[in-house]
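Please work through the exercises below with the structure in view, attempting each task before reading its solution.

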Amino acid sequence: MGIREIIEGKRQWRAYMARVKALPADYQIVYGEIQKYFFKVGPADPELLPGLLEFFEQGVADGTGVIELIGEDVADFADQLIKDTTTYADTLQREIGEQTDHESK
């Protein structure tokens, strides 16, 4: 990766985070919690967070409160977003299983 790609990536990330910071405070808090969860669990789909941001932006535009939009259980909402998605943890478990199977042969 060249320096231009790094600079462009940083520029895009800052623009993205500016959109997050433009959300109302309650949306920012919920978004931040879901983002932290995703960074720990590691959904392999890179479009989940941008899709979530767009969903939240639409909720704000519609005048819907964040809890009304996602429900009272933020963790359950986040789990539902990734339930049919491969996570990095799934990938790692599969790789470990394959190594174990290979070593036992």
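**Exercise 1.** Determine in which helix Gln-35 lies, whether Gln-35 counts as buried or exposed, and which residues outside its sequence neighbourhood Gln-35 is in contact with.

Solution. The model is a predicted one, and in this model Gln-35 lies in helix α2. The relative accessibility of Gln-35 is 11%; since buried means under 20% relative accessible area, Gln-35 therefore counts as buried. Once neighbours within four places in sequence are left aside, the contacts of Gln-35 are Trp-13, Met-17 and Leu-49.

**Exercise 2.** Compare the expected span of α2 with the separation of its end C-alpha atoms, then list which residues of α2 are buried and what these pack against.

Solution. Helix α2 covers residues 25-41, and its 17 residues, taken at 1.5 Å a residue, should span 24 Å. The expected span is 1.5 Å times one less than the number of residues, and the end C-alpha atoms of α2 are 24 Å apart, in agreement with that expectation. The buried residues in α2 are Tyr-27, Val-30, Tyr-31, Gly-32, Ile-34, Gln-35 and Phe-38, and they pack against α1 (3-21), α3 (48-62), α4 (66-70) and α5. Glu-33, which also lies in α2, is partly exposed, with a relative accessible area of 43%. Just after α2, Gly-42 adopts a positive phi of about 75°.

**Exercise 3.** Describe how α1 and α2 pack, giving the angle, the orientation class and the residues that meet.

Solution. The axes of α1 and α2 are 9 Å apart, and the two helices pack at an angle of about 135°. Angles over 145 degrees count as roughly antiparallel and those from 65 to 115 as roughly perpendicular, and α1 and α2 are therefore oblique to each other. From α1, the residues Trp-13, Tyr-16, Met-17, Val-20 and Lys-21 meet Gln-28, Tyr-31 and Gln-35 of α2. By class, the residues of this contact comprise five nonpolar, two polar and one charged.

**Exercise 4.** Carry out the corresponding analysis for α2 and α5, stating the crossing angle, the handedness and the composition of the contact.

Solution. The axes of α2 and of α5 (residues 74-82) come within 10 Å and cross at roughly 50°, and the two helices are therefore oblique to each other. The crossing in which α2 passes α5 is right-handed. On the α2 side the contact is made by Val-30, Ile-34, Tyr-37, Phe-38 and Val-41, and on the α5 side by Val-74, Phe-77, Ala-78, Asp-79, Leu-81 and Ile-82. This contact of α2 with α5 has ten nonpolar residues, no polar residues and one charged residue.

**Exercise 5.** Locate Leu-48, classify it as buried or exposed, and state which residues Leu-48 touches beyond four places in sequence.

Solution. Leu-48 is found in helix α3 and, at 13% relative accessibility, counts as buried. With residues up to four places away in sequence not counted, Leu-48 touches Phe-38, Pro-43, Leu-81, Ile-82 and Thr-85. Ile-82 is 34 residues from Leu-48 along the chain, and their C-alpha atoms are separated by 8.3 Å.

**Exercise 6.** State how Ile-3 is classified by accessibility and how far apart Ile-3 and Asp-62 are in space.

Solution. Ile-3 has its place in helix α1 and, at 58% relative accessibility, counts as exposed. Ile-3 and Asp-62 are 59 residues apart in sequence, and from C-alpha to C-alpha they are 40 Å apart in space.

Notes. Residues are numbered from 1 along each chain as its sequence is written. This is a predicted model: local features need pLDDT of at least 70, side-chain atom pairs count only at pLDDT 80 or more; totals for chains, interfaces and linings use all residues. Side-chain values use heavy atoms; hydrogens and water are left out. Axes are lines fitted to C-alpha atoms, for helices over the stretch in contact, and angles run from 0 to 180 degrees between N-to-C directions. Helices (H or I, at least four residues) and strands (E, at least two) are DSSP runs, numbered from the N terminus. Angles under 35 degrees count as roughly parallel, over 145 as roughly antiparallel, 65 to 115 as roughly perpendicular and the rest as oblique. A crossing is left-handed if the near helix is turned anticlockwise from the far one by less than a right angle, and right-handed if clockwise. Contact means heavy atoms within 4.5 Å. Ala, Val, Leu, Ile, Met, Phe, Trp, Tyr, Cys and Pro count as nonpolar, Asp, Glu, Lys and Arg as charged, and the others, Gly among them, as polar. Buried means under 20% relative accessible area, exposed over 50%, partly exposed in between (1.4 Å probe, protein chains only).
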